[in-house]
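Here's a walk through one protein model, with the sequence and fold in front of you. Have a look around before reading on.

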Amino acid sequence: MLKKNKNNKNKTFIPDKMLLSPDSSFSMQESFKTLRTNVSFSLPGKKNRCIGIVSANRGEGKSTVAVNTAISLAQIDKKVAIVDCDMRIPTVAAKLGMENRPGLSDYLADEDGNSRLPIIRNDDLNIDVIPAGTIPPDPTKLIESPQMRELIEALKMVYDYIVVDFPPVTVVSDAAILSSVIDGYLIVTLHESTETSQLDETIRQLNFANANILGFVYNSKPASRKSYKKNSKYYYYEYR
Ligand SMILES: Nc1ncnc2c1ncn2[C@@H]1O[C@H](COP(=O)(O)OP(=O)(O)OP(=O)(O)O)[C@@H](O)[C@H]1O
Ligand SMILES: [Mg+2]
């Protein structure tokens with residue numbers, strides 16, 4: 001079922017400024033170290049952890065936090081996979097300079113069960129990437145399938161951490177549907193953007209699905225391009 005492919009790389013890739021690297025600002029590096037520590041302490045006793053990254057709305061920084069959390073965990077030699085479960089507007093592969101297809105949707109949509117899951121190795125970042133794949137007509141149907149749950153369980157046998165990037169909770173129910181296999185969710189909130197009522201609704205929906213909420217990532221985007229470097233920062237607040 002699991003197939004690795006090393007050849008899916010865009011040679012002209014210019015890394016996203018928001019990608020965690022040794023060149024990132026001190027505050028960004030420290031914030032992701034703190035996030036990594038808090039994530040590992042928030043699931044004591046668990047060896048193979050699947051972390052879902054969610055937020056209320058589009059554009060609040062979920063995919064950025066998902067990719068950087070995966071990179072940060074890989075930096076301490078954890079075996080890490082990132083899965084792009086936002087099959088509507090996938091961005092994980094693009095952020096990493098990889099092709100988005102084939103991916104998760106192509107694997108799940110194959111009713112004959114003959115296709116293999118494309119796992120793309122990113123040697124530079126020491127992570128395995130499962131892109132979202134071809135945009136399907138009904139992504140929620142694929143997320144709901146028993147194959148999706150089985151896949152997460154199978155990945156848990158192999159990886160220390162599986163980071164799953166989801167679409168926004170107030171828009172579609174995909175994230176909550178997988179609550180039985182996701183060990184914990186991080187809720188990303190965006191400074192001066194996420195409204196309290198939207199956050200309440202996100203928490204309500206996850207609680208309704210019996211999801212384990214680990215905590216919140218407070219994401220602060222700069223107001224303008226000029227202030228980008230100076231002000232870009234992440235904070236992590238423990239929820240429980
Ligand atoms: N702290 C930050 N500072 C500067 N830019 C940021 C920050 N966080 C995210 N961005 C930028 O904001 C945009 C949206 O971020 P991202 O794709 O991570 O959001 P998202 O919540 O996954 O969006 P969607 O719901 O559409 O998938 C991207 O261009 C990203 O590079
Ligand atoms: Mg996203």
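What follows goes from the overall fold to the ligand shell, a helix pair, a few buried residues and some backbone oddities.

This is a predicted model, so keep the filters in mind: local features need pLDDT of at least 70, side-chain atom pairs count only at pLDDT 80 or more, and totals for chains, interfaces and linings use all residues. Residues are numbered from 1 along each chain as its sequence is written, while chains are lettered from A and ligands numbered from 1 in the order in which they are written.

**The fold and its core**

The protein has nine helices and nine strands; helices (H or I, at least four residues) and strands (E, at least two) are DSSP runs, numbered from the N terminus. Of its 240 residues, 42% count as buried. Here, buried means that 20 or more other C-beta atoms lie within 10 Å of a residue's own, exposed means 12 or fewer, and partly exposed is in between, with C-beta atoms placed from the backbone. Among contacts with a separation of 6 or more, 79% join residues 24 or more positions apart; a contact needs two C-beta atoms, placed from the backbone, within 7 Å.

The largest nonpolar core (a set of buried Ala, Val, Leu, Ile, Met, Phe, Trp, Tyr and Cys residues joined through C-beta atoms within 7 Å) has 62 residues, and those with the most contacts inside it are Ile53, Ala70, Val80, Ile82, Val163 and Val164. H2 gives the most to this core, with seven residues. Leaving out residues up to four places away in sequence, Ala70 touches Val80, Ile82, Ile127 and Val163.

**Around the ligand**

Which element gives the most to the shell around ligand 1? H2 does, with three residues, and both H2 and strand E8 (213–220) supply at least two each. The shell has 19 residues, with Arg58, Gly61, Lys62, Ser63 and Thr64 coming nearest; a residue counts as near if its C-beta atom, placed from the backbone, lies within 6 Å of the molecule. By class, the shell splits into four nonpolar, nine polar and six charged residues. For these classes, Ala, Val, Leu, Ile, Met, Phe, Trp, Tyr, Cys and Pro are nonpolar, Asp, Glu, Lys and Arg are charged, and the others, Gly among them, are polar.

**H1 against H2**

Helix H1 (residues 26–42) packs on helix H2 (residues 62–75) at an angle of about 75°, with their axes 9 Å apart. The axes are lines fitted to C-alpha atoms, for helices over the stretch in contact, and angles run from 0 to 180 degrees between N-to-C directions. That makes H1 and H2 roughly perpendicular to each other, the term for 65 to 115 degrees (under 35 is roughly parallel, over 145 roughly antiparallel, the rest oblique). Phe32, Lys33, Leu35 and Arg36 in H1 meet Asn68, Thr69, Ser72 and Leu73 in H2. The residues of this contact comprise three nonpolar, three polar and two charged.

**Three buried residues**

Ala56, Pro131 and Ile143 each pair up with a residue far along the chain, as tabulated here.

| Pair | Apart in sequence | C-alpha to C-alpha |
|---|---|---|
| Ala56 and Ile203 | 147 residues | 8.9 Å |
| Pro131 and Arg101 | 30 residues | 6.8 Å |
| Ile143 and Asp174 | 31 residues | 6.4 Å |

Ala56 sits in the loop between strand E2 (49–55) and H2, and is buried because it has 25 C-beta neighbours inside 10 Å. Pro131, in the loop between E5 and H5, is buried too, with 28 other C-beta atoms within 10 Å. Not counting residues within four places in sequence, the contacts of Pro131 include Asp84, Pro90, Arg101 and Ile120. Ile143 belongs to helix H5 (residues 139–144) and counts as buried with 24 C-beta neighbours inside 10 Å. Beyond four places in sequence, Ile143 touches Cys85, Met148, Asp174, Ile177 and Leu178.

**Backbone oddities**

Most residues other than glycine have a negative phi, and most peptide bonds are trans. Asn126, in the loop between strand E4 (117–122) and strand E5 (127–130), has a positive phi near 65°. Is Asn126 buried or partly exposed? Partly exposed, because Asn126 has 16 other C-beta atoms within 10 Å. Asn210 has a positive phi near 60° and lies in the loop between helix H8 (196–208) and E8; with 9 other C-beta atoms within 10 Å, Asn210 is exposed. Finally, the peptide bond from Arg101 to Pro102 is cis, with omega near -10°, and Pro102 is in the loop between helix H3 (92–95) and helix H4 (104–109).
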